[in-house]
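Trainee: Please take me closely through one part of this structure, beginning with a single residue and working outwards. I should like to see how that part is placed within the whole chain.

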Amino acid sequence: KSSSSATRWMVCRTLRSTQHALDELRGMEYRQFATCFTEKSVSLYQTDLTSKKMALWVGNEFEGLSKLAIEGCDVELFIPMRGMIQSLTL
């Protein structure tokens, strides 16, 4: 769900699988960013986000993104937060 005006700037679609989404976005030349805590993930503030086409992958609160989604993205990044809990609610 999104606010009524958000659809003016965003394209939202539901695809049949993670792999299908990764492949379709890659085919459309999107640079894909996975939000995750891995050894390879870098801070959002140290990431080049100037891509003309970008897809941001965000996992659910309990499990995060799947291994397939993380490994299929071009960049693994984390969003630095203050406080004791590293959780972002969208």
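Mentor: Let us begin at C73, which counts as buried because its relative accessible area is 9%, below the 20% cut-off for that class. The model is a predicted one, and the values discussed here are computed from it. With a cysteine, a natural point to settle is its bonding. A disulfide is a covalent bond between the sulfur atoms of two cysteines. In this model the count of disulfides is zero. C73 takes part in none, and the nearest cysteine sulfur, that of C36, lies 8.0 Å away. A disulfide would require the two sulfur atoms to be within 2.5 Å, so a separation of 8.0 Å leaves C73 outside that limit. C36, for its part, is buried, with a relative accessible area of 10%.

The two cysteines nevertheless share a setting. C36 and C73 belong to the largest nonpolar core, a set of 11 residues whose other members are A21, L22, L25, A34, A55, W57, L65, A69 and I70. Helix 1, strand 3 (54-57) and helix 2 each contribute at least two residues to this core, and helix 1 gives the largest share, namely three. In soluble globular proteins, nonpolar side chains tend to be buried together.

L65 offers a detailed view of this region. Once its neighbours within four places in sequence are set aside, L65 is in contact with A34, T35, W57, V58, G59 and I70. Among these partners, A34, W57 and I70 are themselves members of the core.

The charged pairs come next, and the model contains three salt bridges. Two of them sit within helices. In helix 1 (residues 18-27), R26 and D23 are three residues apart, about one turn of the helix, and their closest N and O atoms are separated by 3.3 Å. R26 is classed as partly exposed because its relative accessibility is 40%; D23 is likewise partly exposed, with a relative accessible area of 40%. In helix 2 (residues 67-72), E71 and K67 are four residues apart, again about one turn, and their closest N and O atoms are 4.0 Å apart. E71 is exposed at 56% relative accessible area, and K67 is exposed at 62%.

The remaining salt bridge joins E76 to K40, with 3.5 Å between the closest N and O atoms. This pair links distant parts of the chain: E76 lies in strand 4 (residues 75-78), whereas K40 lies in the loop between strand 1 (31-35) and strand 2 (42-43), 36 residues away. The surroundings of the partners contrast, for E76 is buried at 11% relative accessible area, while K40 is exposed at 61%.

It remains to place this part within the whole. The protein chain has two helices and four strands, arranged along the sequence as α-β-β-β-α-β. Of the contacts with a separation of 6 or more, 67% are between residues 24 or more positions apart; the pairing of E76 with K40, 36 residues apart, is an example of a link across the chain. Buried residues account for 24% of the 90 residues, C36 and C73 among them. The chain exposes about 7300 Å², of which carbon and sulfur atoms supply 53%.

Notes: Residues are numbered from 1 along each chain as its sequence is written. This is a predicted model: local features need pLDDT of at least 70, side-chain atom pairs count only at pLDDT 80 or more; totals for chains, interfaces and linings use all residues. Side-chain values use heavy atoms; hydrogens and water are left out. Buried means under 20% relative accessible area, exposed over 50%, partly exposed in between (1.4 Å probe, protein chains only). Contact means heavy atoms within 4.5 Å. Accessible areas come from the Shrake-Rupley method with a 1.4 Å probe; for residues, only the protein chains shown count as cover. A salt bridge is a side-chain nitrogen of Lys or Arg within 4 Å of a carboxyl oxygen of Asp or Glu. A nonpolar core is a set of buried Ala, Val, Leu, Ile, Met, Phe, Trp, Tyr and Cys residues joined through side-chain atoms within 4.5 Å.
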